[in-house]
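User: Please take a close look at a single part of this model, the sheet built around one covered strand, and then place that part in its wider setting.

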Amino acid sequence: MKGIVKTFPGVLANDHVDFQLERGEVHALLGENGAGKTTLMNILYGLYRADAGEIRIDGSPVILDSPQDAISMKIGMIHQHFMLVDAMNVLDNVILGLKTKGVIIDEASAEKRILELAEAYGLKVDPRSMIWQLSVGEQQRVEILKAIYREADILILDEPTAVLTPSEIKDLFRVLERMKTEGKSIVYISHKLEEVMEISDRITVLRAGRVVAKVNKKDTNKAELARMMVGRDVIFRLSKEDARLGNTILEVSGLSALSDRKTVALKNVSFAVREGEILGIAGVSGNGQRELAEVLVGLRKATTGVVRIAGNDATNIMPREIADLNVGFIPEDRVGVGLVMNLPVLNNAIIKKYRDFSKGALLDYPAATDYAKKIVEEYDVKTPDIRYPTRTLSGGNLQKLILARELARDPRLLIACQPTRGLDVGATEYIRAKLLDERSRGRAILLISEDLDEILSLSDRIAVMYEGQLMGVVAAEHANIEDIGMMMAGAKRMEMS
Amino acid sequence: MQLLPKLSVEKRLLPSRRLTVAAPFVSTLVALAISAAPIYQGGVNPLYGYYQLLYGALGNKLALTETFVMFAPLLFTGISVALAFTCKFWNIGAEGQLYAGGLFAAFFAVYATSIPSVVAIPVMTVIGFLGGAGWAAIPAILKVKLKVDEVVTTLLGNWVMYYAVSAILFGPWRNPVTGWPESPAIAESTVYPILVPGSRFHMGIVVGLIVAVAYYIIIKRTKWGFELLAIGGNQRGAFASGINVPRQIILAALVSGGIAGLAGVSQVAGIHFHMKTDLSPGFGYTGVVIAMVGGLNPLGVVLASFLMAVIVQGTQAMHRATGVPWALAEVIQGIILLCLLVGIFYTKFKVRRVK
């Protein structure tokens, strides 16, 4: 790809980007959110058309106007959000959309081919299972199988590990190694330095739509990559003052709740959070963390147990009443729960505070606009205009907008779920620093995160969830990473220290 | 061999402002160009037909006031539907709510002979509003409490109300003077005053414009409108942010039904002076089209209702003046609406041809 330019209204997403991919290599495309990585690859996959530049494959120029064109040039792409049909099985998903000879689909030979490929690349998956029965890691394998089945020579993976557990990541890397030895080329889009250093052969670093560096992995290191990515030295460890504990704000005792599928998601969970501390809840995803947060903010009913917030009974009350108890909430699902994407930034900035801008039944929009402008500026949310639809913001800015809205209300309890997931280094650092600020100001914070580094670097106490139960709570300064790992795997319980 | 050109569609980051203004005009021109073929086929010079269309809708005082008479019920139902759709309450029941509003207003108006106009007209109007709201309450509560799909309940409710009205008007309430299946005449004091002498331009048209202004204020200025927009954009997010979603949806359904009820009041008190079984030729359903064409936007709905009124009046006039079949008038209405929807699509999406 040579001299690729792509502009969106107000944004130069790719600015004369050159990118070369060689046969049999894993080439990482590294950059912050909004650096233009995904845009560049969407152009290669025919989803967008470049404003300028050319694409050559094996030396000859090609025009890629649709994913069909890309697929016929043996390019496959696996998006962050999978494109599978839930109600169909693996086999059907793999052959979906392929042209077949005759009317009847030869499922038997397709299944045989899938099993052969799965064997060859170490993609363990049963062709007859339904997609909805599969874990996220297995679904990703189906996506890879789909691409290989279409004989892709170039495979683009967009943030493939964002949704995977550590063991699934290992499996994925094994598959990628295998594909490399088969002569396939892989573009690995990521902002995770550890993974990039582990899997890639070469690295192209993008910043603000431009290529800032092309390096071989063996000639570089994490600190240098981080510097190139954000254009400055990143502080990985955050300095933290000693906790000054105040009153107990959140008290949870004997809490149980059901999942969406009516299975037990929370079992007899008890803990407390005091002013001036961060209680981190660690655990592998899907062990009841999401349900816990939903019960606490009124989005899910508890079957048993009591939640007390600042001494008030807050069990099974409405989100409105929880908000009125001065609780801030940073949801895991920013788009589905946190924001109304089609409404202006303004509306989202004031959605928890608009009642304060009343003039009778009317909403005082001038005052609300001033307030929204103030907090958007204060929390560094980058938007050309607060009247723009919220969906025009990038991922990091969406999260900063939620943070601005919640923190500007000065909550005494903040429930933060996966606050930095999917964000780039700069935004992550910013959000973590803000959480520590709130802690210094004597606020109580419940941090639910699957990012163990985040839990370790921010929390005063660490609780571990496994299958809906708390396996134990340990003080962060005594925390032993092995103990936590064992608890996360359900192999150990520890008493409150 | 390729039968159709390959097209790629990209969503615009923001709707194009230039196209938003141009789309209705261009769409209408395209629609008229397409419609020229069947008009020509019908033995009429299309240009002459369109002249009759415009003249018949806007050309003189009578034509213009009649277009406004058509505008009123379309404006009420268009706003009714737009308000409900704003919070994604899919009210397809404006037709039934219109009949409910007309029926309740007539219950009062027929017997209000000794009440002075200054009291009787507002009371009748409020009763009609409550009638429409009451009929909308049933699907609203079923949706919120039992998650019953409101598309089905509001749509079927239309027929229930229509036949209930018929049963009443063919049975106990048949007009004793004429014997027609219509209510007795409403009291003189409840008739909406005529505002343009020598025409049928009645007060209901002004009530409609007041409702349109109220809708504008609700959406753009009030806390309630802010809540409805949030619910429409992301119901779960709105709930998580502390908005009482079930309550606001019920309230929106009631107000939506009430506004549709006002259409019924306006037809009874402004045009027919009886409650009738053919009070509406489908204004409630046309309201859905108007709300969508108007993009649920207050000004958009006003313009769409007026455009629709022009099309309806104009094609009828063309039919009378040139003798093109009546069915053709309806075909042209359909073509114009389809073209408008395509035009609106272009304001939101970029379409380009690929090789």
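The request concerns strand β3 of chain A and its surroundings.

Analyst: The account below begins with the strand itself, moves to its sheet, and then widens to the two chains. The model is predicted, and every value given here is computed from it.

Strand β3 of chain A covers residues 26–30, and 5 of its 5 residues are buried. In a regular strand the side chains alternate between the two faces of the sheet. In β3(A), Val26(A), Ala28(A) and Leu30(A) point one way, while His27(A) and Leu29(A) point the other way. The residues of both groups are buried. For this purpose, a residue is called buried if 20 or more other C-beta atoms lie within 10 Å of its own.

Strands of a sheet pair through backbone hydrogen bonds, either parallel or antiparallel. On one side, β3(A) runs parallel to β8(A), residues 185–190, and 5 bridges join the two strands. Among the paired positions, Ala28(A) has Tyr188(A) of β8(A) as its bridge partner, and Leu30(A) has Ser190(A) in that strand. The other neighbour of β3(A) in the sheet order is β9(A). Strand β9(A) comprises residues 202–207, is also parallel to β3(A), and is joined to it by 4 bridges. Here Leu29(A) stands opposite Thr204(A).

These strands belong to an open sheet of 6 strands, with the order β6-β7-β8-β3-β9-β10 in chain A. Its pairing as a whole is mixed, although the two pairings of β3(A) described above are parallel. The edges are formed by β6(A), residues 75–78, and β10(A), residues 210–216; each has a single partner strand, so one side of each is left without a neighbour in the sheet. On average, neighbouring strands of this sheet are turned by 15 degrees against each other, direction ignored. Helix α5(A), residues 136–149, packs on the sheet and touches β6(A) and β7(A), the latter spanning residues 154–158. The direction of α5(A) makes about 170 degrees with that of β6(A).

The domain assignment divides chain A into domain 1, residues 2–230, and domain 2, residues 248–488. The C-alpha centres of these two domains of chain A lie 32 Å apart.

A further sheet of chain A offers a point of reference. This open sheet has 4 strands in the order β12-β11-β14-β15, and its pairing is antiparallel. At its edges stand β12(A), residues 264–274, and β15(A), residues 312–313; each has a single partner strand, so one side of each lacks a neighbour in the sheet. Helix α9(A), residues 289–296, packs on this sheet, where it touches β11(A), β12(A) and β14(A), and its direction makes about 60 degrees with that of β12(A). Strand β11(A), residues 248–258, pairs with β12(A) in the antiparallel sense over 7 bridges. Within that pairing, Glu251(A) has Ala272(A) of β12(A) as its bridge partner.

Chain A as a whole has 17 helices and 22 strands. Its radius of gyration is 24 Å, close to the 23 Å that the globule rule gives for 497 residues, so chain A is as compact as a globular protein of that length. The C-alpha trace of chain A spans about 70 × 50 × 50 Å along its principal axes. Of its 497 residues, 44% count as buried. Among contacts in chain A between residues at least 6 apart in sequence, 67% join residues at least 24 apart.

Chain B, by its own count, has 13 helices and 2 strands. The radius of gyration of chain B is 22 Å, close to the 20 Å that the globule rule gives for 355 residues, so chain B is as compact as a globular protein of that length. Buried residues make up 50% of the 355 residues in chain B.

The contact between the chains takes 31 residues from chain A and 22 residues from chain B. On the side of chain B that touches chain A, the elements giving two or more residues are α8(B), residues 223–233, and α9(B), residues 235–240. The largest share of that side, 6 residues, comes from α8(B). The residues on this side of chain B divide into 10 nonpolar, 8 polar and 4 charged.

Technical notes. Residues are numbered from 1 along each chain as its sequence is written. Chains are lettered from A and ligands numbered from 1 in the order in which they are written. This is a predicted model: local features need pLDDT of at least 70, side-chain atom pairs count only at pLDDT 80 or more; totals for chains, interfaces and linings use all residues. Two residues are in contact if their C-beta atoms, placed from the backbone, lie within 7 Å. Ala, Val, Leu, Ile, Met, Phe, Trp, Tyr, Cys and Pro count as nonpolar, Asp, Glu, Lys and Arg as charged, and the others, Gly among them, as polar. The radius of gyration is taken over C-alpha atoms; the globule rule is 2.2 Å times the number of residues to the power 0.38. A residue is buried if 20 or more other C-beta atoms lie within 10 Å of its own, exposed if 12 or fewer, and partly exposed in between; C-beta atoms are placed from the backbone. Domain bounds come from an automatic or database domain assignment. Two strands pair if DSSP finds at least two bridges between them. Axes are lines fitted to C-alpha atoms, for helices over the stretch in contact, and angles run from 0 to 180 degrees between N-to-C directions.
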